[in-house]
Amino acid sequence: MTIASIQVEASTPKSGRITACRSCGGNHLDTILDLGNQPLANALLEPEQLGVLEPLFPLEVVLCQECGLLQVSEDVPPEILFGQDYPYFSSFIPALLAHSREHALDLIAERGLGADNLVVEIASNDGYLLKNFVEHGIPVLGIDPASGPAKAAIEIGVPTVIDFFGKDVATKLVAEGKRASVMLANNVLAHVNDINYFVEGFAILLADDGIAEFEFPYVKDLIETCAFDTIYHEHFFYYSLAALEPLMGRHGLYLNDARKLDIHGGSLRLRVSKTEGKSERLQKMQAEEDAMGLTGFDCYRDFGLRVSGIRDDLRKMLGAFREEGKTIAAYGAAAKGATLLNYADLPAGTISYVVDRNTHKVGKFMPGVRLPIRPVEELVTAPTDYLLILPWNFADEIVAQQADYKQKGGTFLKAIPYPQEIEVG
């Protein structure tokens, strides 16, 4: 009996389509892109779950005409998105560890941080960033709702509150006598549905002379590179500076600086505080957004066509390889990989399996497409002809790690910004 023949319907958790902008409350929302009904990108399946059809939710992106904020149209409850089985552990990504350590050391030097300061990180995961402050004797506090990564952080000496951050948690911490000299929130600003409640928490917990820094994927890069695979239900928002300024200002916080980062395929690091002092760099970036028309519908007019073109070209490329009798695997059971593979809707058997270095993912299955996740050693013991790198933003690092695969005759592929073979020097 096949898996398909014994599948039963799962009870679909309740979700709903928004009727107003989550940030400003405006009710004029234009549809930019529709990726169809998709499973939750991080909801990896255990073997015993293969007999149940996981719930699917619409994955559509809309633009607020009033504040220019790009956002997904569907509200999936946070307890479903970020439960205790949330499989993302930051410490398995060497490039992210190096990036985070450099950030921490720069802040320590610039701000003169010491034992009298408190550094608070929201969505602190497994302590990958805060441990760099702990090493220098600087008090820290992590806040993260996912108990698996949070417990891993506590085990390495990073105090962590297991909770969703917002106004209430911030108020409680201030009542305990805590005020943050530095607040950090990397790759979480896009993940919070009630964004005003979240940002208000920063205004409450941040010391009057403190700073808060946010890192997040930049919508300008998303559009320019056509990185639609970064769109999934956990990413409620795709921010421009123009959309962020009124959001922060609503809570007494000022955008003072921003810098472009290469990590995650193009990100921003935004600095805010309770006093105004906008840098020339920030002003220049805002002028570039204005020139591009980044908050208007016209900027996104051909985005959907480019996305469907990537899907069609990927199908053709992989289909041609299969007709030649070639074998294909994928690297990286990342959320962006789930979006790409489910949208691509490749014929069964096109990709044999996915490999991943994260031991928490090995032995599970990709949501929707249900490809098995195997250890990376499989590429050496049973190599395929082609390897599609799903987390393309770390392609250089992955290619370097998998030199043995290349030596055995394997060829690396990626789909973004367009389907292509990766040239290896």
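**Stop 1: helix 7 and its neighbours**

Select helix 7 and show what surrounds it. Its buried residues pack against strand 8 (119-122), helix 6, strand 11 (180-186), strand 12 (206-217), strand 13 (237-238) and helix 9 (241-249). Keep in mind that this is a predicted model.

How many of the residues of helix 7 are buried? Eight of the 11 are, so the helix is largely enclosed by the rest of the structure. Colour them in: Ile195, Asn196, Phe198, Val199, Gly201, Phe202, Ala203 and Leu205.

**Stop 2: the aromatic rings**

Stay on Phe202 and add Phe165. These two form an edge-to-face aromatic pair. Their ring centres are 5.3 Å apart, with 80° between the planes. Phe165 sits in the loop between strand 10 (160-161) and helix 6 (167-175), while Phe202 belongs to helix 7 (residues 195-205), so the pair ties together parts that are 37 residues apart in sequence. Buried or exposed, Phe165 and Phe202? Both are buried.

Next, select Phe236 and Phe237. They make a tilted aromatic pair, 6.4 Å centre to centre and with 50° between the planes. Both of these residues are buried.

Now add Phe198 and Phe214 to Phe165 and Phe202. The four form one aromatic cluster. Across the whole structure, a search finds 10 aromatic pairs.

**Stop 3: Arg22**

Select Arg22. Look for it in the loop between strand 2 (16-17) and strand 3 (29-38). Its relative accessibility is 10%, so Arg22 counts as buried, the cut-off being under 20%.

What is Arg22 in contact with, leaving aside its neighbours within four places in sequence? One run of partners is Gln71, Val72, Ser73, Glu74 and Asp75. Asn193, Ile195 and Asn196 are also among its contacts. So are Phe236 and Phe237. You have met some of these already: Ile195 and Asn196 are buried residues of helix 7, and Phe236 and Phe237 form the tilted pair.

**Stop 4: Ile143**

Move to strand 9 (residues 140-143) and pick Ile143. Ile143 is buried, with a relative accessible area of 1%.

Show its contacts beyond four places in sequence. They include Val120, Glu121, Ile122, Ala123 and Ser124. Thr160, Val161, Asp163 and Phe165 touch Ile143 too, as do Val169 and Leu173. Phe165 is a member of the aromatic cluster from Stop 2.

Try a distance here. The C-alpha atoms of Ile143 and Asp163 are separated by 6.4 Å, although these positions lie 20 residues apart along the chain count.

**Stop 5: Ala123**

From Ile143, step to its contact Ala123. Ala123 lies in the loop between strand 8 and helix 4 (131-134). Check the backbone. Phi is near 65° for Ala123, a positive value in a residue other than glycine. Most residues other than glycine have a negative phi.

**Stop 6: Met366 and Arg370**

Jump to the loop between strand 17 (354-355) and strand 18 (373-374), and select Met366. At 0% relative accessibility, Met366 counts as buried.

Which residues does Met366 touch, not counting those up to four places away in sequence? Leu44 and Leu45 are two of them. Ala333, Ala334, Gly337, Ala338 and Leu341 are others. Val354, Leu371 and Ile373 complete the list. For a distance, take Met366 and Asp30: they are 336 residues apart along the chain, and their C-alpha atoms are separated by 31 Å.

Arg370 is in the loop between strand 17 and strand 18 as well. Its phi is near 60°, again a positive value in a residue other than glycine. Arg370 is buried, with a relative accessible area of 15%.

**Stop 7: a cis peptide bond**

Select Ile416 and Pro417. The peptide bond joining them is cis, with omega about 5°. Pro417 is in the loop between strand 20 (411-414) and strand 21 (420-421). Most peptide bonds are trans.

**Last stop: the whole chain**

Zoom out. The protein chain has 15 helices and 21 strands. Its C-alpha trace spans about 65 × 50 × 45 Å along the principal axes. A compact globule of 425 residues would have a radius of gyration near 22 Å, and the 22 Å of this chain agrees.

Colour by burial: 55% of the 425 residues are buried. Then show the surface. The accessible surface comes to about 17,700 Å², and 50% of that belongs to carbon and sulfur atoms. Finish with charge. There are 37 positive and 58 negative side chains, and the centres of the two sets lie 1 Å apart.

How values were computed
Residues numbered from 1 in each chain as written. Predicted model: local features only at pLDDT ≥ 70, side-chain atom pairs only at ≥ 80, totals over all residues. Heavy atoms only, no water. Helix = DSSP H or I, 4+ residues; strand = E, 2+ residues; numbered from the N terminus. Rg over C-alpha atoms; globule rule 2.2 N^0.38 Å. Buried < 20%, exposed > 50% of the residue type's maximum accessible area, 1.4 Å probe, protein only. Areas by Shrake-Rupley, 256 points an atom, 1.4 Å probe, with all protein chains shown as cover. Lys, Arg positive; Asp, Glu negative; His and termini not counted. Charge placed at Lys NZ, Arg CZ, Asp CG, Glu CD. Phe/Tyr/Trp six-rings, centres within 6.5 Å; stacked < 30°, edge-to-face > 60°. Contact = heavy atoms within 4.5 Å.
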